[in-house]
Amino acid sequence: MDAATSAERLAALMAERVDHRFKGLPPDAAGLTLAELAGERRNLFTDGFTTPLLSLSAERLRHNLDLMETYTARHGLAFAPHGKTSMAPQLFHRQIEHGAWGITLAVPHQVWVARHFGIRRIFLANELVDAAALRRLAAELAADEDFRFICYVDSVRGVELMDAALTGAPRPVDVVVELAAGEGARTGVRTEEECAAVADAVAGTRTLRLVGVAGYEGEVPQADPDRVHAWLRRLTALAADFDKAGRFTGLDEIVVSAGGSAWFDAVADVFAEIPELSSPVLKLLRSGAYVSHDDGHYRKLTPFGRVPEEGALEPAFRLWAQVVSRPSPEQAFANAGKRDAAYDLDLPLAQVVRRDGRERPATGVSVTALSDQHAWLRTGPEADVEVGDWLGLGLSHPCTSFDKWQLIPVAEADGTVVDYIRTFF
């Protein structure tokens, strides 16, 4: 797909008309295109938006994109941020504009979304054994010589299934052997000997091409810096052993990939130690949660907490809910619940209260539970909360925040909405 077609498809997102599909938009905007609504630069708080409403900070989004571009360049890392975090093609393209090599994805549907919007380099952090998906992938590769696709293999059986589905395909599919993070971890080959057997199986096909090794250090059991560094050194040693054995002969580059959002500092440390191999090494980092960051899980785990001199990510999400019930001095309820807020890792965090155009800290207010459409609030003696107040909530876990919203306004600090992000889960 050429750049013009990709731009046209992105522009088509903004040609969608406001209707019942999209939560929180002003009722009087019905029938406008998203481009027209964005052009009106409405204010999030005074121009008809309704609660519950998830918004992204324009300034913080830009900061996070800039920071990771700088970080990866400083450490000599290629970057394929995990797109399953947002499933937002507009953000995919902004990430690529900020230096990303490509986009990481997890399942075939996500690949088709990315391809529809012109993403030319995709790393699938999974073994792909579905025959129908493999046939479509082969067709995509045949139709676009500029399309680069890499996926995991983690079993001889998987290699056999891929080979059978791809028989007759004009281009081989590039694969990397996935090294498991340890016994009892998630996917991946458990031992180096088994990795060699999987690599031999790939070499025995005409439909697959071994281009490197990969894994996910976030699954290291009882992860701490020493254990994570040790596992990453196993991964890089595997790459070196494969290269010494001639498994990468003829490649233009060798792929070594790792990196979630909790240990990318360790990845940078260990990937800097990779010795010279027979071809240049593509040191591919895949962290995805950075784009929005959060106020919970990743705020606690971010590597920037360990290396503050490198900078700091900023939480870009805020979920706005309205207080709809105040049955007692100790309790209140807001109109956002499990359908609106991530809750798989932490409950939302009450941050600010807005009343009569003024915003102040949500002192004495905490979220204790979520129903489908209500947040249960505990209110202490110092809490100043009334029915009708807007409550700004911080969220934990970007992946399950994005996937509850098809459309997310992007607002500047004063509430001016300057863009809308469309998601495809």
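Student: How do you know that the span of helix H9 (residues 225-244) agrees with its 20 residues?

Tutor: In this predicted model, the end C-alpha atoms of H9 are 28 Å apart. At 1.5 Å a residue, taken over one less than the number of residues, the expected span is 28 Å, so the two values agree.

Student: What makes Trp231 and Leu235 of H9 count as buried?

Tutor: Buried means under 20% relative accessible area. Trp231 and Leu235 fall in that class, as do Val228, His229, Leu232, Thr236, Leu238, Ala239, Phe242 and Asp243 of H9.

Student: What covers the buried residues of H9?

Tutor: The cover includes two helices, H8 (192-203) and H10 (264-271), together with strands E6 (173-178), E7 (208-214) and E8 (254-258). Contact here means heavy atoms within 4.5 Å.

Student: Which residue with positive phi follows H9?

Tutor: Glycine 246 follows H9, with phi near 80 degrees.

Student: How many helices and strands does the protein chain have, and why is it called as compact as a globular protein of its length?

Tutor: The protein chain has twelve helices and 18 strands. Its radius of gyration is 23 Å, and the globule rule gives 22 Å for 425 residues; the values are close, so the chain is as compact as a globular protein of that length. Along the principal axes, its C-alpha atoms fill a box of roughly 70 × 45 × 35 Å.

Student: What share of the protein chain counts as buried?

Tutor: Of the 425 residues, 56% count as buried. Carbon and sulfur atoms account for 49% of the accessible surface of about 17500 Å².

How values were computed. Residues are numbered from 1 along each chain as its sequence is written. This is a predicted model: local features need pLDDT of at least 70, side-chain atom pairs count only at pLDDT 80 or more; totals for chains, interfaces and linings use all residues. Side-chain values use heavy atoms; hydrogens and water are left out. Helices (H or I, at least four residues) and strands (E, at least two) are DSSP runs, numbered from the N terminus. The radius of gyration is taken over C-alpha atoms; the globule rule is 2.2 Å times the number of residues to the power 0.38. Buried means under 20% relative accessible area, exposed over 50%, partly exposed in between (1.4 Å probe, protein chains only). Accessible areas come from the Shrake-Rupley method with a 1.4 Å probe; for residues, only the protein chains shown count as cover.
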